[in-house]
Every structure is written in C-alpha cells, then in structure tokens.
Amino acid sequence: MPQAYAQGAGAHHRHTSGQAAAHARTPGSNIIQSIEVSGNQRIDTATVLSYMVSQPGDSFNQDDLDRSLKTLYATGLFSDVTLHRNGNTLKVNLVENPIVNRIVFEGNHDIKDEDLRKAISLRARAVFSPQTIAADRQKILDQYASKSRFGATVTPQIIRLSHNRVDVIFKIDEATLTLINKISFVGNHDFSEARLAQVVSSKETAWYRFFSSSDEYNPERIKYDAELLRRFYLHNGYVDFRIINATGELSPDRRRFFVTFTLSEGPRYRIGKMDIRSSLRHVTPDQLKPYIELFPHQWYDGTAIQHNANDMQERLQAQGHPFAMVRSEIARNPEKRLVDLLFDVTEGPHVYVDRIDINGNTITQDKVIRRTLPMAEGDPYTPFDRKYSKLELQDLGFFSTVSIDQTQGSAPDRVNVAANVVEKPTGEFSLGGGYSTDVGILGNAALKQHNLLGSGVDAGISGTVAYYEKQVDLSVSDPYFLNRNLVAGIDIYGIQNNYQTYQSYKEGRYGATLRMGYAYNRFLSQSWSYSLVDRDVGNLYSQADVAYYGQEYVPSIYVQQEAGWTLLSQLSTTLTYDRRDNRMAPHKGYIITVGGDFAGLGGNEKYVRGKIDGSYYVPLDSLTGNHDWTIQLKGGAGMMADWSSSGNRNIIDNFYLGGQNLRGFLQGGAGPRSGHTYVNGVLTPAQGQEDLIGGRFIYTGSAQINFPLPAGPDLGISGRYFVDAGSLAGVRVKNLYTNPRTDGANYTPISGDTLTPRVSTGFGISWKSPFGLVNIDAAVPIIKSRNDRLYPIRFGFGQQF
C-alpha cells in the first residue's frame, strides 16, 4: 500500500501542478464540481464517495486529496487507487481487490483445519488483501509457537480465478517440536542447578518424557517458573531474593531452546522476635499468642507465615469476629540476618451481602447453587467467603469454571455477589476393566447422573463382574434432603463373593441401606444408616468334592455351622472430623472417624461393634523443598460384642486383618484360623489349609512416606515406603470346639488367636498411566504368627473408557 499510495499521490501531484496555472485566474476554478469514479465493479459509487474526504463543492485541497487517497486504501477494498484532476472534475480510478473463493491448509497435522480457521481473520467470500494474508500467516505461526513448533514455516499461495476471485492456500511445514535442550541458572550459590531444576516446571528434554509436555518451550511457563523460584527462595528464608532475568534462546536451526534464569539470592534470614498487635475489641495479644504456629530462630518461611495469618484470621471469624483481619509485617535486620515478625490484628471494613446473583446455569437450579454458598443476603462478607464460595461450588463437580465477583451494592457497606458458572456434562456412562489381586480380572459398567434434572441429586446403577466377585448396585443420594442440611440416600445391592481360592465357601449378600448425614460445620459431620441384608453362606466343599479337587479337605466346623441364609438388621453411625487440605490427595492435616453398629432390630444377628480410625498427614516441604513428599500416619481399633446369646454370631460379621489394612498378608490372612482334613476317611485336625474366621478385636497402625521418583512427575509415577502393623484376636463363633476330650469328632483347634502384633514393611508405586491407575505394593512380613497366610505383592489396575 505505501508504494501504491506514493504512485497515486505522485500522479495526483503531477496532474494538479500541470493544471494549476490554467485555472488560477478563473473565478471558482479551484472548486470540485463533480467526482467521477471508474474501475469499481462490486462496490457502489456512492460507497466509494462515502469513504472520501473531498466532496463536490470542496476546493482542490492537497491535504484533503491525500487523506481521501489514504482512506480508500485503508478500506482494504482496493489494490490500487489514483486521483487526478480534469478541469473541475476529480477522477478516481480504482482497481478492486479480489474476493476469496476458498481457504485451504496443506501439510498441517498437529493443528486441525477448524482450529486454524478460527485463528485467522480471512474468510471465504471476504475481500482479499496482501496485508490480511501477511497478518494471518503470522497468526498461524503463533499457533504453532504455542505448541512449541517454533521451526514451522507457512507459505501463502494465491491462485487467481475468473471474475476477480482467488483461492488462498497456506502451505505449512510443521517441523519438529522445539524442545528445551538445556536449563541453566546464573547467580545461584546456596542451591545447585540440579536442586533448582526440580523447582521449575519446565524440564530438559529426555526420552522418558513422552507423556509430558514439560520439555516443550512455553514463554508463559517460563514466567510461571520464575514465580516458582521466587516462592522457593522465600520459603527457605531468602527474603531479598530477586529474579533478574528469565530468557529462552532459540538455536540457529530453530530446533532447540536454551533457557537461562539469572537470579540474586541474597542472604538467608531466620525469624527473630514475634509479636502480635491487636486493635480488636475484647481480643488481647496474649489470647492470640497460642495461635502462632512458628517458633523463633527457624528459617524464615513466607508461605508458612501467610498460612499462619490466614489460620488466625479464620479462627477469629469463627469465634464471632466476622470482620477480623490479620496481616503479617516484617522488619529486616541485615546485620544479624534476622526478620522480626508482627501479626497485626485489626477490624476490617464492615461489609454485608446485599444481593446474590447466579449466572451461567442452564440446568442446575438456582437453589442448588445458593444453598452451597456459605453466605446469604444480609450476612457479613469477607474475602474468605469469596474464597470458600468458589471452592464449595467447584467441589460440587457440576461446573467446568467458577468465578465469584463482587460489585458495589445499594450502600457503601453493601456488596452484590455474583456466582458465575459454566456448566459441564454431569452424566456418565462408563465401561471398564482391570485386574486386582483381591477379585481377579474384572469388568464393570455404570450409568450415573450426578445432577439429576439440575436438582443436585446423584443417581446411578453400576455392575461389576470379576473372577471372584459379582456385584450390582442401585444408588440415589439427595445432598439437601427436605431443603435442609441433610444428605439422604438409598442403596439397593446384590453381591456374590467367591472365596474358594483361599476359603471353603461362597458368600452372597442382597439388601438395601438407607443413609442420612449432616454437617455441624465445615469440619465436623455425622452420618446414619440402616441396613437390611439377606446373606447366604454356601457352596461348601464336601467329602464328595475331595476326588474332584484332588485334595482331602472339607470346611472347618465353624464354617459348616454358618451355612444357610441369615438376615442382618443393622443401625450404624459415623462421626467424622476432617481437617485435611484436600480430600482426594491430602498433603497436610488430619481426619478422625468414630463409628458404631448395632445389629438386632429384628433379624438373626445381635451384636454391637465400634471402630475408631485416624490419619495424620505431615508435609515435608520445608525439609525437601518439594510438595510431593508427605508422611502419612494411620491408626485404628475396633471391638465387637454380642448382647444376646440368641444371636447367630456369624463369622462373616467379624473383623478381618490382612490385605489393604496389613500389606504383605493375604486378605483376612492374619488372625484366628481353623480347619479339618480327612485322612483315611477319619476327620482329623487340619495340618494344611485352614479357614479364616476373623475376630472380635482389631488394631492397626501404619507409617508411610510418599515421595517422588526420578522422572516420576513426567511419567505420572510416585513411590511410597511403608511399615504396617496390627493384630486380630478374640474368637467369635456359634459354638466353640477346642477340647479334644469333650468335643470328640468336632474337636477343631484354633490358631493365630493372639494380640501379638504382626508387622510388615515394603515399597509401593502408583502410576497414572494412559491406560488407568496402576498400584503395586510389595511387602515383607517382619513379625508373623505361625500359619499366617502371606501375600507379598498386591497389584491393582483399572480403567474406564
């Protein structure tokens, strides 16, 4: 366009300069009497005239003519424009730009045609211009750069057609991925390059990163890495840390990037004095000092300080000070390398919720969202309300994005809160398969709707078919039953377990469970349930099976006396106190559950059973500088007793130890056992396989450390080392036959009935593979009882598709 404008302007200058003398002395000779437009085929003359500055009646002003010329070029409709004067007529000669017939992409594989069409501005049947083609070429290159293909080339080709039309073809050479060849750190003294390389999310290219994009260069990721480095150094006491520069340099062949972080560490500080200043009424600094979670002379940790301030503020708000605000202030002492810390507790502005608006929901009912929010119209409003509102809505699982916005309300102390959501599909149909050491090869199918008709009701039906187990379950749950803080639901199920690989019977359960639960606050909740279940113990081996199975073995007398159907009528409750930071993948905090069962409201079983379990998570970020290190401590105990002698005392209701709660041992393989064998047709106490009969009292404990593996984050692999301990004792059967003198042929010795702990230790890995989650645990028993059933390796794999 600049060249065409120069030519057009030159022609205009040449023409008008030649005419100027002839018209200089004629009155009114410098006035435009008319404008003649030629060369336009598609664009109306009136449209052309509307773009021009010079109009009939205006003078032949050079500035106006130049501006008219530029304006016509700026429309993008014309490839050439010339203006010249003929007497008192201004003649405009045009060459129109062609029309785009179609747009074609060739050579693209990594980016689809439709995505490239969205990126460019050129469209079919639009006006073609070289400027638009150049701009679109750069937009396509930007798309490939966002996918780390900086070596890509794009060559536009124009094919001219009849009737002033063109086909536009973008020939694309995608080239190979431009990966990070080297990450360097300049200015680091206290931490090695290898340690800092673990902090940043960008990684150097390696063969095992085929499932990861972390070795692809991304400018936004480099900015994020700079922030990660800043947090890491602040976390470790480097208050004066600065990122001087973070750059990525592309190699001449455009195949590799070299990333360099230039930083200034500064000195490392410890915490000096810690104090609290409070202007909150009836709240003194001495009352708040127990809330300080830090201690003098520890290394300064900016993250821990902020968390401490947030925790203190939440506690004050929970204690009746809804507008309490806690800010941390620091004062450096560079000579002593100490940071004095002050927690400033003040009364924040009193702000109340004026109105709550719900936007973006097309299926989910407004009331479902409103009841989830931790506030209502008229309530106090704090930044924590905004934070938890977003978290609570995200936890529903109904929305792909959630944002909480606020605007000025009807008064200075009022705000309007808007919950903006984007819904996502909540229905689920899944088919799956896998393998587990507990149930063998399995297949499953499920049809679920987690937000039935937008009401928040969760309903579904699922079935599992495995080598050792078959199960079907119909479930419905209402998280806000009767428009109250009540979770209510029902499960109807049928289960068939085939234990005959390590037991001598099969078990069936068919029944229903009614559930109800409620939350006292964000951390404390309670649930109740009532179950009515018909159970069957059957398919026992008999003497006739001996020849078929090739062994002289029949069930223990304690299994034989359980054969047949029984009815369980059971009322249960569980109280849960949960302070974990994340319920799906906890990193710190703890959870305690206390539960009890009462059987005997009808049915054949009459017992009471209690259980307490707890887990505590200790983050190791301060020691390792890595969020993937966590210590998990677990413990539990349970006891059951029969409150009536008329109960069945069915062994399938007993506690069992082994498998998931004691790795290295068979599921149920530690604890009381009994058995019989036939030798020469005579019933004899078991010397080989024994039946697992469970017990009345159980305790378990586990210490586990979760840690990252080399290349693990890129492959989705994490490791763990654990020590498990526990024991099970207290024989609970219908009739006891342990005296050979009085019990005769029914005499059945019981082994393993001891509270002496069993202990195992081992390693495990979890792999989030593209084919599903794989879990492998290998454990070696350290302390065991004679004839305990061992199972050193547990393996599980599953996938839905």
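Modeller: Let's fix one term up front: a contact means heavy atoms within 4.5 Å. This is a predicted model, where local features need pLDDT of at least 70, side-chain atom pairs count only at pLDDT 80 or more, and totals for chains, interfaces and linings use all residues. Residues are numbered from 1 along each chain as its sequence is written, and side-chain values use heavy atoms, with hydrogens and water left out.

Biologist: Of the contacts in the protein with a separation of 6 or more, what share comes from residues 24 or more positions apart?

Modeller: Take the contacts whose partners have a separation of 6 or more. Within that set, the share from residues 24 or more positions apart is 61%.

Biologist: Is Asp385 buried or exposed?

Modeller: Asp385 sits in helix H11, residues 383-396 (helices are DSSP runs of H or I, at least four residues; strands are E, at least two; both are numbered from the N terminus). Leaving aside neighbours within four places in sequence, Asp385 touches Pro374, Met375 and Pro380. Buried means under 20% relative accessible area, exposed over 50%, partly exposed in between, with a 1.4 Å probe and protein chains only. Asp385 has 16% relative accessibility, so the label is buried.

Biologist: Which are the edge strands of the open sheet S32-S29-S35?

Modeller: Two strands pair if DSSP finds at least two bridges between them. The sheet has 3 strands with antiparallel pairing; S29 (residues 673-674) and S35 share 2 bridges, with Arg673 opposite Ser751. Each edge strand pairs on one side only, and these are S32 (691-692) and S35 (750-751).

Biologist: How many residues apart in sequence are the parts that the pair of Phe598 and Trp643 ties together?

Modeller: Rings of Phe, Tyr and Trp (its six-membered ring) pair if their centres lie within 6.5 Å; planes under 30 degrees apart count as stacked, over 60 as edge-to-face and the rest as tilted. The structure holds 23 aromatic pairs, and Phe598 with Trp643 is a stacked one, at 5.5 Å centre to centre and 15° between the planes. Phe598 lies in strand S25 (residues 589-599) and Trp643 in the loop between S27 (630-642) and S28 (664-665), so the separation is 45 residues.

Biologist: Arg663 lies over the face of which residue?

Modeller: A charge sits over a ring if NZ of Lys or CZ of Arg is within 6 Å of the ring centre and within 35 degrees of the ring normal. Arg268 does that to Trp299, at 3.7 Å from the ring centre. For Arg663, also at 3.7 Å from the ring centre, the residue is Phe722.
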